[in-house]
Protein chains: 2
Amino acid sequence: METLHRTHGCGELTREVVGRQVVLNGWVQKRRDLGGLIFIDLRDRSGVVQVVCNPEISPEAAEAADRVRSEYVLAVRGTVVQRSPETVNPRMATGEIEVQCESLVVLNEAKTPPFPIQDDLDVEESVRLKYRYVDLRRPVMQRTLMLRHRAMQAVRSFLDRNGFVEVETPMLTRSTPEGARDYLVPSRVHPGSFYALPQSPQIFKQLLMVAGMERYFQIVRCFRDEDLRADRQPEFTQIDIEVSFMPLEPFISLMEEMVAELFEKTIGIRVERPFPRITYREAMERYGSDKPDLRFGMELVDLSEAVKESSFKVFSGTVARGGKVKAINVKGCAGWSRKEISRWEEEAKNLGAKGLAWIASRDEGLKGPVAKFLSDAEWAKIRELTSCEPGDLLLCVADEQPLVEEVLGELRLRLGRELDLIDKGSFRFAWVTEFPLLEYDEEDGRYYAMHHPFTMPMEEDIPLLDTDPGKVRAQAYDLVLNGYEIGGGSRRIHRREVQEAMFRALGISREEAREKFGFLLEAFEYGAPPHGGIAFGFDRIVMLLAGRNNLRDCIAFPKTASGSCLLTDAPAPVDEHQLKELHISVTNKMSSEDV
Amino acid sequence: METLHRTHGCGELTREVVGRQVVLNGWVQKRRDLGGLIFIDLRDRSGVVQVVCNPEISPEAAEAADRVRSEYVLAVRGTVVQRSPETVNPRMATGEIEVQCESLVVLNEAKTPPFPIQDDLDVEESVRLKYRYVDLRRPVMQRTLMLRHRAMQAVRSFLDRNGFVEVETPMLTRSTPEGARDYLVPSRVHPGSFYALPQSPQIFKQLLMVAGMERYFQIVRCFRDEDLRADRQPEFTQIDIEVSFMPLEPFISLMEEMVAELFEKTIGIRVERPFPRITYREAMERYGSDKPDLRFGMELVDLSEAVKESSFKVFSGTVARGGKVKAINVKGCAGWSRKEISRWEEEAKNLGAKGLAWIASRDEGLKGPVAKFLSDAEWAKIRELTSCEPGDLLLCVADEQPLVEEVLGELRLRLGRELDLIDKGSFRFAWVTEFPLLEYDEEDGRYYAMHHPFTMPMEEDIPLLDTDPGKVRAQAYDLVLNGYEIGGGSRRIHRREVQEAMFRALGISREEAREKFGFLLEAFEYGAPPHGGIAFGFDRIVMLLAGRNNLRDCIAFPKTASGSCLLTDAPAPVDEHQLKELHISVTNKMSSEDV
């Protein structure tokens with residue numbers, strides 16, 4: 001067999017190499033037989049080029065070409081020739097040239113692929129996942145994986161230049177107290193004992209600060225055994241960062257620089273800095289979300305003051321009971337049909353609202369069930385607060401404040417999408433700050449740390465830890481982009497008296513704390529520097545960079561919502577002797593079909 | 001509290017900044033009180049500098065300094081001053097200057113560390129591992145972690161420049177057939193099913209070749225649940241590489257370039273290329289090892305032909321039975337005492353030899369139990385083969401060939417170390433090639449793949465698969481350095497008929513193969529390109545770069561020989577409800593102390 005070693009990538013061939021003899025290796029994208037001439041579109045990672053097999057030039061090559069089919073793997077030797085003007089293909093990067101085939105070797109045959117190798121594809125995702133090795137041949141998938149690669153290298157290069165040290169932390173570690181559900185790994189050597197896969201390297205990165213590493217990073221796999229949603233995977237990748245001795249402002253600014261460089265180096269977008277900041281409270285009040293999508297307006301407006309004495313009892317009664325009445329202004333939609341409005345009322349109710357009051361500012365006057373109850377003065381105030389103009393539609397919810405914000409925040413997002421208010425090409429970052437340190441769990445009757453129990457309270461709130469823990473704000477910050485949380489972090493507690501106050505607020509006794517966090521608390525006694533850090537959700541960042549809306553499209557071998565890999569059929573039953581060696585047995589052999 | 005934000009690293013201060021006011025953050029390395037002046041050696045990641053607290057300059061700072069102890073965390077503001085000539089400390093990088101302290105803030109206190117923060121340390125490794133956050137403060141550990149970081153970035157940068165794409169493969173995957181023991185992860189959603197942690201991304205990287213990625217790499221964590229030896233860890237890091245359409249020679253040459261760049265960029269050593277190559281057979285014959293240490297000679301010499309008719313029956317009898325007689329020449333050691341020689345005889349016996357025959361070429365003639373049996377002609381041949389000169393000592397083993405090579409290979413290594421024949425500053429690479437494809441397992445009565453079942457046989461040996469499988473050589477190559485295997489790889493089988501012959505040789509039926517390797521075999525039917533790759537043991541490379549001889553010193557948070565983390569106490573028992581959720585129970589609650 002003739003040995004044909006690649007000299008060029010298919011997509012690299014241009015007019016510049018016309019006349020050159022080349023060897024190409026790749027897959028058959030398409031094969032056509034036109035009056036004895038066989039045309040093969042040959043594809044590799046770099047692109048596609050047309051190869052012409054002419055029996056007058058090489059009968060053997062033409063004969064071999066006659067037998068090839070889609071996705072056969074070929075080696076082709078030939079000469080690059082300019083196409084005649086009428087055969088130039090402007091839709092192909094290499095459309096000005098073609099390769100006159102002089103020799104063709106089939107390196108491997110291929111069965112007909114389960115779906116075509118093309119960007120636009122109408123096929124069940126489960127089929128794509130089962131044949132992932134075919135799916136990943138599609139140019140859009142190759143571009144996404146390359147983008148992911150470039151993003152990783154860009155982040156590493158930035159952090160390396162800025163004195164960060166990449167340190168690998170253990171994957172086989174200890175179950176995390178106070179965290180999400182762990183994946184466990186039974187130990188063979190220590191019967192009855194288990195490793196846990198890390199939910200994040202949180203504790204190790206803090207130990208590295210105690211160890212004097214000063215600037216740490218890692219692009220690291222993390223694991224959470226939670227019920228999966230569309231945008232969650234059991235294993236995910238995190239850009240994990242921690243620094244010592246660095247005040248908050250230079251740290252935030254450094255992280256913005258990193259993100260800006262990442263966007264510039266991968267998709268050529270210049271990001272404006274500094275990023276705006278918004279407190280958690282303000283984000284909830286104005287957008288009904290702690291990860292506001294700032295690409296459009298339609299902010300939530302508080303009407304409580306304006307309607308507190310309204311004769312519309314739903315409004316005034318809510319305010320009297322300490323609740324809120326808030327509205328969003330759906331610009332130019334006063335003309336919506338009753339049916340259209342009903343649909344949004346339904347959505348509001350599904351989200352938990354008791355109802356959705358609407359006020360349409362039409363030419364013929366105010367419309368809607370609330371309109372007739374509003375005094376002129378009340379309407380004047382509402383109109384001013386909401387900037388309501390003729391033709392606008394106000395949607396109002398009256399209830400307890402958290403519910404009002406949640407419902408209107410979600411309606412705002414859905415309306416923004418449906419009414420096409422979102423500039424898809426824009427990237428709107430913001431830092432959300434001053435998160436509550438603690439959340440009260442009604443069921444357990446105790447507070448839980450919103451981030452984790454080592455998050456530093458804001459200095460001025462520290463005294464509240466013992467008196468009014470729910471009011472304490474954390475030195476925590478999330479980075480949000482286009483409605484997604486893409487990163488989150490905090491300053492950490494490094495002083496013992498603050499840590500003890502924190503445990504008191506959490507209702508954790510000193511003994512309990514020592515049992516749960518013993519080695520970390522002990523480490524802190526040996527000279528812990530002031531430190532803090534952040535973790536970015538790398539999969540989500542890649543998704544946003546790539547302009548995709550499905551995390552699975554940004555991961556080479558993702559899992560389904562039930563945590564299965566359709567390609568390898570993992571997880572799977574194992575041999576009994578494997579379990580025996582691990583000192584465990586299965587208590588419930590219900591098959592996965594029953595789930 | 002005064003806010004003192006670092007302006008410089010301690011180790012960065014030189015004569016160039018004399019007169020400058022600086023702020024330093026760091027740990028107290030040492031504190032001395034000399035007649036009212038307090039001298040503090042302050043340490044951070046960049047180095048150590050002397051801070052002088054003079055009560056005449058700042059009584060407050062001097063008072064604060066009086067209370068600090070080793071490993072307290074400080075912020076210091078002061079002015080850099082030149083030391084007087086008699087107080088210059090030439091052993092300190094910053095020894096020409098010191099910092100006159102104007103303000104000192106204790107950022108955190110510290111208990112007395114369990115051992116001092118210094119390179120030379122005489123303390124049990126278990127104590128170092130328990131207090132790893134203190135251990136990692138030692139400059140030698142910091143240097144090693146930094147070196148590891150630089151090594152990672154150097155490899156990534158090289159591969160990135162050469163068109164390799166970093167792709168993350170799953171950590172939660174499927175148990176590997178025909179591999180080592182897997183770590184298993186019970187699935188909560190699929191009762192009775194388990195993920196396995198990857199022993200290597202072997203199957204995924206081959207799937208990525210089928211997917212058209214062409215050049216893949218990853219610096220990736222791998223897991224093997226094997227009984228640990230000193231140089232093994234349950235989780236380890238691998239530089240994983242795979243290419244399509246690239247012939248062996250350019251691939252080998254590219255990998256040599258990568259390794260050379262790695263050594264140059266991290267420790268400034270220029271490595272000679274191309275690396276020598278040696279076949280597996282030759283390595284075993286000349287060095288008694290498939291990972292020969294080429295930093296010294298003392299090669300194994302085959303005396304079988306020379307002694308086949310010897311009147312020394314141990315020699316001639318062994319040759320007559322098809323065995324081998326081989327020797328190593330221990331230069332200049334003919335004068336060894338009987339006791340010294342006995343010690344090495346013992347070692348040989350412990351390694352499995354029946355005995356160790358010795359021949360000392362002394363001034364007074366040949367000595368040793370064999371000497372009197374040798375004819376002049378025999379000795380002449382032996383002398384020529386072994387280049388034996390007066391004063392040399394020959395150590396001989398007669399037995400079946402594999403045992404002879406194993407014993408003499410190991411004696412050679414031990415003698416090389418004891419006699420200080422090894423140039424510790426040198427780096428001697430070699431490729432070991434033409435490994436046997438299959439190993440016969442007497443117990444199971446079948447062949448096993450020496451690398452894995454997808455390793456390509458050498459083209460000329462393919463017909464032997466069906467007739468004499470033990471003779472088939474693989475297109476496999478290991479990279480060895482100074483007696484360590486630092487990498488290993490192979491060309492893979494991409495054609496179905498070869499794969500089927502391979503399974504026949506392994507005694508695996510078509511159905512069994514489909515059950516065990518189904519998705520990979522199926523993938524190969526959809527157009528698999530010719531491909532191959534390699535994996536480098538990254539921990540071991542770092543160990544060699546750092547000039548250490550313990551893998552644990554090159555990993556931030558390593559595990560002990562029993563797979564425990566002494567810092568976090570992983571693995572550990574977990575709550576019963578966690579096991580219940582995972583549908584498993586522990587069958588053997590023997591505590592780890594009983595193991």
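This is a walk through a predicted model of two chains, A and B, starting where they meet and ending at one loop residue.

Let us begin with the contact between the chains. Chain A contributes 123 residues to it, and chain B contributes 123 residues. The size of an interface is often given as the accessible area lost when the parts come together. Here, chain A and chain B bury about 11000 Å² between them, and 59% of that area lies on carbon and sulfur atoms.

Charged and polar pairs are part of the picture too. Between chain B and chain A there are 14 salt bridges. If you would like one to look up in the viewer, try A:Asp227 and B:Arg188, which form a salt bridge with their closest N and O atoms 3.2 Å apart. The polar contacts between chain B and chain A come to 69 residue pairs, counting pairs with both residues at pLDDT 80 or more. On the side of chain B that touches chain A, helix H4 (residues 139–161) of chain B gives the most, with nine residues. Sorted by class, that side of chain B has 62 nonpolar, 31 polar and 30 charged residues.

The two chains also share strand pairing. Strand E23 (residues 584–586) of chain A pairs with strand E23 (residues 584–586) of chain B. Their pairing is antiparallel and runs over three bridges. To find your way into this pairing, start from A:Ile584, whose bridge partner in E23(B) is B:Val586.

Now let us turn to chain A by itself. Five of its strands form an open sheet, in the order E12-E13-E16-E14-E15, with antiparallel pairing. At the edges of this sheet are strand E12 (301–302) and strand E15 (365–367) of chain A, each of which pairs on one side only. The partner of E15(A) is strand E14 (residues 357–362) of chain A, and these two pair in the antiparallel sense over three bridges. Within that pairing, A:Ser361 has A:Leu366 in E15(A) as its bridge partner.

Our last stop is A:Pro276, which sits in the loop between helix H6 (248–267) and strand E11 (277–279) of chain A. Is A:Pro276 buried or exposed? The answer lies in between: A:Pro276 has a relative accessible area of 42%, so it counts as partly exposed. Which residues does A:Pro276 touch, leaving aside its neighbours within four places in sequence? They are A:Phe429, A:Ala430 and A:Trp431. For A:Ala430, the separation from A:Pro276 is 154 residues in sequence, yet 5.0 Å in space from C-alpha to C-alpha.

Technical notes: Residues are numbered from 1 along each chain as its sequence is written. Chains are lettered from A and ligands numbered from 1 in the order in which they are written. This is a predicted model: local features need pLDDT of at least 70, side-chain atom pairs count only at pLDDT 80 or more; totals for chains, interfaces and linings use all residues. Side-chain values use heavy atoms; hydrogens and water are left out. Contact means heavy atoms within 4.5 Å. Buried area is the accessible area (1.4 Å probe) that two parts lose on being put together, summed over both. A salt bridge is a side-chain nitrogen of Lys or Arg within 4 Å of a carboxyl oxygen of Asp or Glu. A polar contact is a pair of N or O atoms within 3.5 Å; within protein, one must be able to donate a hydrogen and the other to accept it, and residues adjacent in sequence count only if both atoms are side-chain atoms. Helices (H or I, at least four residues) and strands (E, at least two) are DSSP runs, numbered from the N terminus. Ala, Val, Leu, Ile, Met, Phe, Trp, Tyr, Cys and Pro count as nonpolar, Asp, Glu, Lys and Arg as charged, and the others, Gly among them, as polar. Two strands pair if DSSP finds at least two bridges between them. Buried means under 20% relative accessible area, exposed over 50%, partly exposed in between (1.4 Å probe, protein chains only).
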